[in-house]
Amino acid sequence: MKRVQVAIIGAGPSGLLLGHILHRAGIETIILENRSADYVLARVRAGLLEQGTTDLLRETGLGARLDREGLVHHGLSLAFDGELHRIDLTASSGKSVTIYGQTEVTHDLMDARAALGAPTIYEAQNVTPHDFDGTSPRVTYEKDGVTHEIACDFIAGCDGFHGVSRQSVPQAALTTYERVYPFGWLGILAEVPPADHELVYANSPRGFALCTMRSMTRSRYYVQCPIGDRIEDWSDQRFWDELRRRVDPQTAEKITTGPSFEKSIAPLRSFVAEPLRFGRLFLVGDAAHIVPPTGAKGLNLAVSDVRYLSEGIIEHYADKSAAGLDRYSARALNRIWKAVRFSWWMTTMLHRFPDATPFDQKIQEADLAYLVASQAAMTSLSENYVGLPH
Ligand code: RFL
Ligand code: PHB
């Protein structure tokens, strides 16, 4: 039986970053991923990194391409009632955010892992954690019809919302909290310059829209859509027409259209499973929590989880102290719930809810009007948006 110190399930940003930090600290890991590397790289998701995220990437030697290609943003705009309102994030919080796609982060992490010679098993089937309630956990998986077994000290469940790690925990040991929103986001990527140099979040009677980007020549746009819509319902023409109607006239004017090369629909949900530790199994990132993308928090939360867990594991081996590992769950959940609240609030303020009463509608309008008229409210949005301290 092969042995490593830490077996990591999942090669998304959580698993790859955890593996990277541990390897730099001389701790041996293996990553088991059920998809192919190409599949993982082709998944288009997050685009916006908090300053705490970019700081950690730089600290761990992953800053070179990020600093060359990332776009630093000092503000964002809200569009409603036909008008555009800019919020100066940096003036309010002293920090900024960076546009750098999750795909690029994943790419950099895969390259760094290959350079360190650390193993990742892609297309590993039936990955299963065992015996994590004792002192000798194991992970089994199948590859090319052969069953393999790995003995380890710890298992990190970095396998996303649908992964096996959370499902392996006895139901009675878990408490889950969930809100499912009655709409989705239809997102496209197109090789056209963005409408604005910063992001525009729009609330319109036709629903939410977001203008974001991957570079100054590649745009990412989203519109709120009914949960049952299919990609086939949305031609590029229909998408562009709908987007233009949802933003303010000034932004609509600046939208450059073109053929989309990616189009997908994502459901919106808030979800937290507690705690994050079960003996020698730890849940990290989307495996433990999901936020609606409105606050741009999902990937950033995965990164703060990884920071806390890696500190605990390093402390365990270096100082023979269990303190960091014992604290992991409570420490991560404290930050997670604040991001869950912020993402819920942004989602509630910016979307049209099919079941909203006239009272709900008025409260939403008052929320937006107060926000852009109050420095205190803009400061509160800014400190959450750029990311609460790790
Ligand atoms: P991932 O990325 O889901 O990776 C989990 C990995 O585990 C693998 N896996 C398994 N491996 C082995 N055995 C099994 N049984 C397995 N089951 C699953 C999977 O194949 C996968 O490779 O979770 P991770 O690493 O925790 O990362 C989380 C982030 O991906 C996620 O939070 C963000 O993408 C969320 N998100 C955003 N976050 C931000 O911080 N800023 C944003 O701007 C932002 N925008 C977004 C987003 C998510 C979106 N979608 C599509 C959900 C925009 C969108 C549209
Ligand atoms: C993105 O660039 O994909 C993005 C940015 C901000 C969000 C969500 C998604 O709130």
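**Entry 1. Strands β4, β8 and β5**

I began with β4 and strand β8 (residues 97-99), which pair in the antiparallel sense over 2 bridges. The model I am reading is a predicted one. For L49 I looked up the bridge partner in β8 and found T98. I then traced the sheet around this pair: 3 strands make up an open sheet in the order β4-β8-β5, and the pairing is antiparallel. I noted that β4 (48-49) and β5 (71-73) are at the edges with a single partner strand each, so each has one side without a neighbour in the sheet.

**Entry 2. The sheet with β11 and β12**

Next I turned to an open sheet of 4 strands, whose order I recorded as β1-β12-β11-β10, with mixed pairing. Its edges are held by β1 (2-3) and β10 (125-130); each has a single partner strand, so one side of each is left without a neighbour in the sheet. Within this sheet I examined strand β11 (residues 138-143) and strand β12 (residues 146-151), which run antiparallel and are joined by 6 bridges. As one point of register, I found V139 opposite I150 in β12.

**Entry 3. E142**

I stayed on strand β11 to look up E142, which lies in it. Is E142 buried or exposed? I found neither extreme: E142 has a relative accessible area of 31%, and partly exposed covers the range from 20% to 50%, so E142 is partly exposed. Leaving out residues up to four places away in sequence, I listed E123, A124, Q125, N126 and T147 as the residues that E142 touches. I also looked up the separation of E142 from V127: the two are 15 residues apart in sequence, and their C-alpha atoms are 7.1 Å apart in space.

**Entry 4. Strand β18 and its partners**

I then followed strand β18 (residues 260-274), which runs antiparallel to strand β14 (residues 175-190) and is joined to it by 13 bridges. For L186 I found the bridge partner I265 in β18. I next recorded that β18 also pairs with strand β21 (residues 289-290), in the antiparallel sense and over 2 bridges. In that pairing V272 has H289 of β21 as its bridge partner.

**Entry 5. S382**

I moved from strands to helix α13 (residues 375-385), where S382 has its place. The relative accessible area of S382 is 0%, and I therefore entered S382 as buried. Which residues are in contact with S382, its neighbours within four places in sequence left aside? I listed I87, D88, L89, S92 and S93.

**Entry 6. The protein as a whole**

I closed with the overall values. I counted 13 helices and 21 strands in the secondary structure of the protein. The radius of gyration is 21 Å, close to the 21 Å that the globule rule gives for 390 residues, so I noted the protein as being as compact as a globular protein of that length. Along the principal axes, I recorded a span of about 65 × 40 × 40 Å for the C-alpha trace.

Of the 390 residues, 55% are buried. Among contacts between residues at least 6 apart in sequence, I found that 71% join residues at least 24 apart. For the accessible surface I entered about 16,300 Å², with 52% of it belonging to carbon and sulfur atoms. Finally, I noted 40 positive and 47 negative side chains, the centres of the two sets lying 1 Å apart.

Conventions
Residues are numbered from 1 along each chain as its sequence is written. Chains are lettered from A and ligands numbered from 1 in the order in which they are written. This is a predicted model: local features need pLDDT of at least 70, side-chain atom pairs count only at pLDDT 80 or more; totals for chains, interfaces and linings use all residues. Side-chain values use heavy atoms; hydrogens and water are left out. Two strands pair if DSSP finds at least two bridges between them. The radius of gyration is taken over C-alpha atoms; the globule rule is 2.2 Å times the number of residues to the power 0.38. Buried means under 20% relative accessible area, exposed over 50%, partly exposed in between (1.4 Å probe, protein chains only). Contact means heavy atoms within 4.5 Å. Accessible areas come from the Shrake-Rupley method with a 1.4 Å probe; for residues, only the protein chains shown count as cover. Lys and Arg count as positive and Asp and Glu as negative; His and the chain ends are not counted. The place of a charge is taken as NZ of Lys, CZ of Arg, CG of Asp or CD of Glu.
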